[in-house]
Structure formats: structure tokens, C-alpha cells
Amino acid sequence: MTKQQKHVMCRSCHAHCGLVVDFEDGLPTATHGDKDNPAFAGFSCIKGRRLVNHHTLPSRLLSSKKRGPDGQHYDIHWQDAAAEMAEKLQGIIAEHGPDSVAMYIGTFGYNNLNAHAYSLALMDAMGSSMKFTSVTIDQPGKGIALSCHGPWLAGPYRVDEWDGLMLVGTNPVISMNGGLGMNPAKRLFDARKRGMELIVFDLRKTESDKEVDIYLQCRPGEDPLILGAIAKIILEEARYNKSFVDAEVEGLDALKATLAPFDPGKVAAHAGIDSEQLVKAAHMLSGWKRGSISVGTGPNMSGFGNATEYLNLALTSLMGHWRQAGEVKQNSGVFITPAPAIAASPGPMPAWGFGRKMRVRDLEESASGLPTGALADEILTPGEGQIKALICLGGNPMLAWPDQIKTYEAMQALDLLVCFDPRMSKTCELADYIIAPKLHYEIKGCTAAPELFGMFGAGWGFEGPYGQVSDPILDVPEGSDLCEEYQFIHRVATEMNKTLNVKSFALFGDPQEQDRQATPVPPGETPDPMASWSISLRGSPVAISDAFDDPEAHRGKMFDRPPTTVEPKPDDWQGKLDIGNPSMLAELEEISQRLAQSDSLDDQDYPFRMISRRINEVLNSSWHEDPVQSKRVGHHPAFIHPDDLADLGLSDGQVVEIESARAMISCVAKAASEVRPGCVAIPHSWGTSPNEKEDPLGQGGNTGRLSFSDRDFDRRTGIPRMSSIPIRVRAAAAG
């Protein structure tokens with residue numbers, strides 16, 4: 001028996017953990033975290049450890065598919081699919097114009113920057129500006145808030161430097177979404193051991209707050225009120241960093257005046273928390289010399305995400321929790337060029353008013369991108385500018401978008417729907433073409449994506465100059481007909497006789513330099529994977545080709561990149577951080593009016609709130625058919641406090657119906673004492689399509705079906721309320 005180990009990176013989520021795959025006689029037998037990896041130190045989750053199994057699951061597509069006249073899908077060679085797709089796109093553009101073609105890039109599209117770069121180039125080549133992403137249905141408040149507030153070029157402090165951390169509706173130990181960086185459980189343990197303080201306000205106790213100094217289990221959707229009250233206390237008691245604010249911040253008086261109604265006692269009563277604990281949290285945060293606040297998906301999906309994220313940045317600036325001149329940044333960039341390390345801000349940037357206008361709800365492009373929440377309506381609304389074709393790269397709109405009922409209508413209304421997906425997703429079932437790609441361990445890859453996400457804020461990306469590359473460690477299945485996404489995209493461009501000007505993600509922070517260094521890829525022979533990655537990361541601090549030539553990089557390494565010393569602000573520098581943006585203050589004024597209103601939790605018709613969540617055992621939107629993972633989560637759970645179950649006459653494991661003003665879904669009730677009473681926590685992106693009978697003992701119901709895309713939506717990003725949705729709960733009908 002021949003045994004071998006191969007190093008690879010996980011691409012199950014944006015973290016890209018370092019893994020080791022055990023082989024016996026050429027076949028993979030086990031996957032585990034790489035304990036020698038300098039960034040992850042052996043960390044892995046079950047989703048990553050089961051990643052290799054996706055390659056051999058019976059549900060995997062081994063050939064691209066085309067919908068026939070009978071509605072069934074049949075095999076088609078991917079090159080033939082590209083030729084037919086190109087012809088259809090040309091016809092649609094000729095009749096309806098280039099903006100009749102839209103692209104949606106989902107999570108897995110972001111995880112493959114090579115395919116992402118080529119996809120954007122194809123849209124540019126066709127002349128279409130209709131590029132949508134999952135950002136505007138996930139955490140769009142981050143882009144809006146950063147633009148209104150302005151970035152700090154030297155960046156924030158990292159977890160090893162924090163005196164304290166505040167988590168706002170986020171669970172980084174499970175989601176890996178900011179707050180604690182890579183290997184989050186160990187980072188949290190080490191930080192707490194050295195004395196870092198931890199404040200959490202969340203609707204349920206999570207894996208990230210087992211040991212916490214202050215825990216505020218607030219009512220859903222009240223995050224901006226609580227942050228506003230904390231900021232008010234710090235301002236009125238002059239607990240902020242006066243020297244930093246005087247030198248680098250504007251808008252102090254305007255913010256203070258706007259926060260006047262945010263009385264801690266009234267806020268605590270409205271949010272259902274203890275007022276003394278709220279004041280204690282403000283005092284604790286104000287005592288941190290270096291600290292961080294991390295806001296998660298939940299607050300962004302619950303309404304007023306822009307204001308919540310803006311208050312996060314305002315509090316950070318009030319306390320001066322930004323890296324200062326003379327201090328050292330350990331990460332000077334590997335595959336992504338960082339911003340210049342200057343202890344200054346260029347000031348606010350336009351957050352909207354510069355890009356594509358939508359035809360519906362007076363929405364437009366913002367700093368977070370085009371509003372995906374409006375995309376279904378843009379497909380369904382007739383007239384000039386109607387979207388007729390949609391290309392989905394690494395996303396599953398039928399399960400991920402809000403208002404699943406309208407999304408289903410939109411997918412059926414398209415003249416052309418194309419999905420890149422390795423399995424028959426709910427969106428693929430409606431598609432005209434399904435392009436079956438090679439999977440994670442059959443292609444080259446690198447850690448550019450998580451490094452890019454480091455621009456989101458503290459706790460994202462890598463602490464130091466870490467990078468890893470991966471060569472294929474598995475052959476494609478015998479008899480399969482698979483391609484890489486970028487290869488298919490270039491083939492489509494070739495069939496359309498168009499040159500792709502591929503912009504480098506390594507230069508993402510400098511759009512002008514991206515344009516200047518874009519690489520033309522003409523019709524004809526497609527670049528090989530190494531050449532293609534070199535194009536997608538052109539100008540990176542470490543050349544991607546050099547990284548692939550480095551044996552240590554295949555195991556994950558800290559590259560020999562010198563730390564960066566933060567430069568002082570030049571004497572003639574004008575920019576300042578803005579904590580008094582008029583639009584954000586207007587949102588805060590609107591939020592303050594809620595203190596005088598009754599809450600919908602008191603609604604007799606819909607007395608509960610549905611809150612979205614992730615779970616550790618499976619990805620929310622795909623591969624639930626893995627046998628090991630399905631043993632742990634065999635059905636779609638609705639987590640409900642035991643007292644609520646008792647009051648409703650329900651029992652653990654019983655099938656329940658969850659109904660909103662929009663629709664009803666079915667799940668299996670699971671007693672969960674960690675969930676706040678009055679809330680029902682349900683994993684999002686599960687379920688069936690609206691035309692199918694629900695399967696509560698399997699895939700359960702889709703939480704997107706409970707939401708309206710055209711009600712209670714953010715005026716800047718278009719995101720409707722996707723969490724904190726008023727609902728009622730009852731036992732499912734017999735049978």
C-alpha cells in the first residue's frame with residue numbers, strides 16, 4: 001500500500017484554510033487541518049474536511065447540460081454550449097441592447113478570483129453594466145458606511161493587539177466573517193487568556209461568546225439603537241480620544257446632536273436589555289486603548305444596516321482605534337497590493353450617485369454595487385432596459401435571493417438563464433444551460449481572495465504576509481466533460497469575436513491602475529491556468545508564478561515581505577474621517593423615532609421574529625447530500641426557545657409552519673435555550689422552489705420566501721428585510 005500526503009487549500013468558504021489530504025494507492029482517504037500551517041495552525045471545519053467528497057458524490061454533474069424542448073436537461077459538450085450561448089447572447093443584445101444581459105456573482109464566484117475577473121471582462125466586452133453580486137444581499141452596509149465615513153489608510157489594529165472586542169450580531173468562530181481572523185476559536189482563546197475583554201450583543205448565545213464579559217441578548221433589529229446609545233454615553237461623558245478626534249475627525253457636534261434622543265434607559269427598555277449593562281458596555285469600550293467592533297450579516301439583514309455599520313466606524317474613530325504613525329503593519333501584501341500605509345484618511349467618498357440607475361424603486365448603483373434585491377423586478381418589469389438574460393457564477397438565486405416567490409417568476413421569465421454549478425441546484429433546474437466546472441482539487445488556486453477580503457475591516461484577511469498556492473491534487477473523473485469557468489467564459493468571447501480586457505484583482509484598491517494594467521486576451525487560444533492567474537493577479541507584490549515555483553508556498557507560508565512602518569500624515573493633508581455624514585445622520589434620526597413606537601414583536605398576528613443564521617455542520621446553500629454531514633443535520637431546523645415551544649404546545653422535533661405576511665414555510669422545531677424567547681432562528685438558503693411540495697424532514701423551507709423584495713428595503717442598497725421578519729408559528733397539519 002502506497003501512502004502519500006498532499007497539501008491544498010480549502011475553498012469551501014472565503015477563509016481558504018490550509019489542509020492536508022491523505023492518499024492511499026492514489027485515492028484520497030482523509031482530510032485534516034495542517035498543524036504546521038503558519039496562519040491556520042491545524043484549524044479546519046467539517047465543511048472543509050468533507051470537501052474532497054464533493055468530487056465523487058452521485059449528485060455531481062460530470063457534463064454540462066442544455067434544457068431540451070421537453071423541459072428536461074441533456075448532456076452537451078461545454079464548447080458547444082459556449083457556441084450556442086454566444087449566439088443567443090448576440091441575438092438578445094441586438095434586439096434589446098447590452099444591458100439586457102446581467103451577471104450575478106455569488107459566494108463561490110468570489111472564491112475563484114480567476115473566474116471572477118474573466119466574468120467581469122466578458123460583461124465589459126459585451127457593453128453591459130448590469131453586474132450584480134451577493135454583497136448587496138449579505139453585508140452591503142459595510143461599503144456604504146466606509147464611503148460615508150472615509151477609510152483610514154493605515155488600517156485598524158489586529159486581534160493580537162486588541163484590549164477589547166465587541167461582536168454585534170456576528171459569530172466569527174463559525175462564519176469566519178471578520179472579528180477574529182483565521183483560526184478564530186484559537187485566536188479568541190489566546191486573546192481572552194492574555195486579558196482581552198469581550199462584549200457581545202446578539203439574539204442567541206453562540207460559539208463565539210461562551211466566555212464573555214458583557215452579553216446583551218437584545219431584541220432583533222435594535223443594533224443601531226444600542227450602538228447609538230453607547231456613542232451617546234461616550235460623547236456626553238467625554239470618554240472619547242480628544243486628541244485624535246481634534247486632529248483627524250469632523251462631524252463631532254452633528255453626531256452628538258443627532259444622538260441626543262438615544263437615552264440609554266429608553267434604548268435598553270426598547271431593546272429588551274439591562275440599562276446598567278448597556279452603560280457598563282460603553283464604559284468598557286471607552287477604556288480600550290486598542291479595540292475593535294465587528295458587525296455581522298444579521299444586523300445588515302435586519303434593517304438600517306448602513307447606520308449600524310456607520311456607528312461601528314464612528315465609535316472606532318471616536319476612540320482612535322486606528323493604527324498610528326510609527327507603528328508597524330505586519331502584512332505588507334502578498335497577492336493583493338494594500339493601500340499606502342499613511343496615518344490619515346482621504347476623507348469620505350461618493351457612496352451613491354455615480355453609477356447605473358435602476359428602473360424600479362428609485363434604486364441605483366452604490367459603493368456596495370448594484371442592488372441585487374431589485375434584480376428580479378428588473379427581469380419582470382417590461383419596457384426598455386428589461387433584463388432578458390442572466391448568467392450566474394457561483395451563486396444560487398433561487399435559495400439565496402430575497403422574495404423567493406418573485407425570484408421564481410423572474411427565473412422563468414428570462415430568455416436565457418445560464419448557471420455555472422457542479423450540482424443541480426434549484427436555480428439550475430430552471431436554467432437553459434448548466435456549465436459543469438472542474439472542482440476545487442482539480443484546479444490551481446491561491447489565497448488572493450481572503451487577502452482581498454482583508455479590505456473589509458478588522459479581523460478579515462491575514463495577520464501577516466501569508467499566502468498559499470495549490471496545484472491540482474485530483475484528476476477529473478474518467479469520462480467527464482468539464483472545464484474551468486474562465487475557460488468557458490473566454491470561449492464564449494471567442495465565439496462572439498470579442499477581446500477580454502481582464503483587470504487585475506491585485507490592484508483592486510486602485511481602479512485607475514486596474515484599467516491601465518488590464519491585460520487584453522484576444523479571441524482564439526485560451527491562456528493556460530498559470531498564465532490566466534498571472535493575468536488576474538498582474539502587479540501583485542509577490543508574482544503568482546514565483547509563488548507556484550516555491551515549494552513552501554504550496555504548504556502555506558509567511559512570505560519574506562518586510563513589515564510596513566506607518567508614515568505620518570503630510571503637512572498639507574486635507575482629508576478627515578467624517579462621523580457627521582448628513583445621510584447617515586438622517587437614518588439615525590429615523591431610527592430614534594422607534595423609541596416612541598410599539599415594536600412588531602408585540603404584534604398579535606405575527607408575535608415572533610424569524611432570524612437568519614448559519615450552522616457549523618453544513619454550507620447553507622449546497623452539498624447537503626453529503627452522507628456524513630446529513631447525519632448531523634438531516635433536516636432543516638427551526639431553533640426555538642423551550643419556553644416558546646411549551647407556550648405554543650409544540651415539542652422538540654415536531655414539524656412546524658412558519659408564516660409571514662408574504663408566505664409560509666415548514667421546518668422541524670429544535671429546542672434551543674440559547675435563542676432569545678420570541679425569536680425563531682432558521683438557517684437561510686435552504687428549501688425547495690415555490691412550485692414544489694415542501695420537504696420539512698429534509699430541505700425544509702426557504703427563508704427568502706418569507707420576505708418581500710419591494711417592502712421595508714434599504715433605499716441605498718435595495719436589501720429588504722431578510723432577518724427579523726415578523727412571523728407566527730404553529731404545528732404543521734397532520735401528514
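Which residues does Pro527 touch, not counting residues up to four places away in sequence? Select Pro527 in this predicted model and display its surroundings: the contacts are Tyr118, Tyr486, Val521, Ser532 and Ile535.

**Stop 1: Pro527**

Pro527 is found in the loop that runs between strand E23 (519–521) and helix H21 (529–536). With a relative accessible area of 17%, Pro527 is buried, because the cut-off for that class is under 20%. For a view along the chain, add Arg594 to the selection. Pro527 and Arg594 are 67 residues apart in sequence, and their C-alpha atoms are separated by 57 Å.

**Stop 2: helix H19**

Tyr486, one of the contacts of Pro527, leads to the next selection, residues 485–495, which make up helix H19. Eight of the eleven residues of H19 are buried, so the helix is largely enclosed by the rest of the structure. Colour the buried residues to see them: Glu485, Tyr486, Gln487, Phe488, Ile489, His490, Val492 and Ala493. Then step just past the end of H19 to Asn497, where phi is positive, at about 60 degrees.

**Stop 3: a surface patch**

Select Met455, Phe456 and Phe508 together and show the surface. These residues form a nonpolar patch there, and their accessible area together is about 280 Å². Phe508 belongs to the loop between strand E22 (500–502) and helix H20 (511–516). Its relative accessibility is 40%, so Phe508 counts as partly exposed.

**Stop 4: Gln386**

Move next to Gln386, in the loop between helix H15 (375–380) and strand E16 (389–393). Is Gln386 buried or exposed? Its relative accessible area is 14%, and Gln386 is therefore buried. Show the side chain and look for two polar pairings. A polar atom of the Gln386 side chain lies 2.8 Å from the backbone oxygen of Ile379. The side chain of Gln386 also makes a polar contact, at 3.4 Å, with the side chain of Lys388. Leaving aside residues up to four places away in sequence, Gln386 touches Ser100, Arg359, Glu378, Ile379, Leu380 and Thr381.

**Stop 5: the nonpolar cores**

Now select Met166, Ile226, Ile230, Leu255, Leu318 and Leu588. These are the residues with the most contacts inside the largest nonpolar core, which has 71 residues. Helix H8 (residues 223–236) gives the most to this core, contributing nine residues. Centre the view on Leu255 to follow the packing at one position. Beyond residues up to four places away in sequence, Leu255 touches Leu235, Ala314, Leu318, Ile579, Leu585 and Leu588. A second core, separate from the one just visited, has 60 residues, including Ile92, Val101, Leu393 and Tyr433.

**Stop 6: two aspartates with positive phi**

The tour ends with backbone geometry. Select Asp25, in the loop between strand E2 (18–24) and strand E3 (27–33). Asp25 is not a glycine, yet its phi is positive, at about 50 degrees. Why does Asp25 count as exposed? The relative accessibility of Asp25 is 52%, and the class of exposed residues begins over 50%, so Asp25 falls within it. Finally, go to Asp712, located in the loop between strand E31 (679–683) and strand E32 (725–731). Here too a residue other than glycine has a positive phi, with a value near 55 degrees.

Note on methods: Residues numbered from 1 in each chain as written. Predicted model: local features only at pLDDT ≥ 70, side-chain atom pairs only at ≥ 80, totals over all residues. Heavy atoms only, no water. Patch = residues over 30% accessible without salt bridge, like charges linked within 9 Å, V, L, I, M, F, W, Y side chains within 5 Å. Areas by Shrake-Rupley, 256 points an atom, 1.4 Å probe, with all protein chains shown as cover. Salt bridge = Lys/Arg side-chain N within 4 Å of Asp/Glu carboxyl O. Helix = DSSP H or I, 4+ residues; strand = E, 2+ residues; numbered from the N terminus. Buried < 20%, exposed > 50% of the residue type's maximum accessible area, 1.4 Å probe, protein only. Polar contact = N/O pair within 3.5 Å; in protein donor to acceptor, adjacent residues only side chain to side chain. Contact = heavy atoms within 4.5 Å. Core = buried A, V, L, I, M, F, W, Y, C linked by side-chain atoms within 4.5 Å.
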